[in-house]
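Trainee: I want to learn how labels on a structure are earned. Can we go through them one at a time?

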Amino acid sequence: MRTSRLALCAATVALVGLPLAAGPATADDHGGELTAELSQLNDSGASGTAWAKVDGTSVEISLEAQGLLDGAPHAQHIHIGGQNVCPANDQEGSGFEGALQVSDAADQYGAVAVSLTKEPGKTGADAALDVDNFPAEVSYSYSRTIEVSEEVAQQIANGDGVVVVHGVDHDGSGTYDGDTKSDLDPALPSEATDPAACGELNAAQMSMPHGGVETGGSSTSGIEYPAALGFGTLALALGAFGLVAARRRATI
Ligand SMILES: [Cu+2]
């Protein structure tokens with residue numbers, strides 16, 4: 001009996017292919033996909049949308065941003081830590097005329113975990129100010145698949161990642177300038193690094209635009225239940241139980 005239950009459990013998990021366990025929605029429940037709606041900080045006028053898909057230690061990320069200073073590099077990162085949230089849109093800080101500087105909101109969004117550079121830029125925290133490899137347009141579409149550590153992959157999948165786009169022209173001069181120095185690098189004006197937009201990566205309700213799974217792919221929640229229910233409630237319970245056990249092992 002034990003063997004057949006295990007076999008049934010394995011078959012259910014294999015057939016269903018995706019988590020069924022109850023509990024708070026994480027990216028795992030949505031095929032590892034997350035989205036973030038970026039809204040402005042520092043009255044920048046910037047906004048954007050980010051998508052991330054975590055697959056093992058690979059993170060495929062796309063980011064569309066608008067309303068930024070044209071012709072100036074926009075450092076962009078996934079931050080992790082603090083409370084894993086964005087500051088309020090109108091939060092002020094220690095910068096130019098009360099501007100929010102990067103470190104002013106570290107309690108909320110933590111530190112840089114992934115630098116969203118373009119090829120061939122490096123993607124670790126030490127590339128946080130790799131200004132040669134960040135987008136530098138008023139609006140742009142960015143996409144890259146990045147290898148991260150297991151810990152960072154898990155944190156992003158759990159919804160702990162916060163996408164921050166930097167660079168604000170506070171005085172409207174059309175370039176990064178002014179007397180206030182960056183809290184990250186005193187060789188840069190604060191305008192070059194002050195946060196312009198922020199969004200929290202949460203489990204996706206919609207798939208990445210180019211993913212195509214909405215039209216009957218294998219990772220929508222609508223597929224899971226009919227398959228599992230064909231085995232009856234026992235199989236569903238066993239499948240969920242088996243998956244919880246598997247998850248516990250996976251997180252060690
Ligand atoms: Cu950042």
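Mentor: Start with a term. A pocket is an open set of grid points with protein on both sides within 12 Å along at least five of seven lines, and a lining residue has an atom within 4 Å of a point. Keep in mind that this model is predicted.

Trainee: Which residues lie nearest the centre of the second largest pocket?

Mentor: N42, D43, E97, A99 and H170 do, out of 13 lining residues. The pocket holds about 220 Å³ of space. Its lining has 3 nonpolar, 5 polar and 5 charged residues.

Trainee: What makes the largest cavity a cavity rather than a pocket?

Mentor: A 1.4 Å probe fits in a cavity but cannot get out, whereas a pocket is open. The search finds 2 cavities of 30 Å³ or more. About 40 Å³ of space lies in the largest cavity. Its lining includes F96, H170 and D171. By class, that lining divides into 1 nonpolar, 4 polar and 4 charged residues.

Trainee: What makes H77, H79 and H166 donors of the copper ion?

Mentor: The cut-off is 2.8 Å. H77 (ND1), H79 (NE2) and H166 (NE2) coordinate the copper ion at 1.9 to 2.0 Å, so they count as donors. Their spacing along the chain is H-x1-H-x86-H. H77 sits in strand β4 and H166 in strand β7, so this pair ties together parts 89 residues apart in sequence.

Trainee: Are H77 and H166 buried or exposed?

Mentor: Both are buried. That label requires under 20% relative accessible area.

Definitions and conventions
Residues numbered from 1 in each chain as written. Predicted model: local features only at pLDDT ≥ 70, side-chain atom pairs only at ≥ 80, totals over all residues. Heavy atoms only, no water. Donors = N, O, S within 2.8 Å, 3.2 Å for Na, K, Ca; no water. Helix = DSSP H or I, 4+ residues; strand = E, 2+ residues; numbered from the N terminus. Buried < 20%, exposed > 50% of the residue type's maximum accessible area, 1.4 Å probe, protein only. 1 Å grid on protein atoms, 1.4 Å probe; cavity = no way out; pocket = protein on both sides within 12 Å on 5 of 7 lines; lining within 4 Å. Points joined across faces, edges and corners; volume = space filled by probe spheres on them. Nonpolar A, V, L, I, M, F, W, Y, C, P; charged D, E, K, R; others polar.
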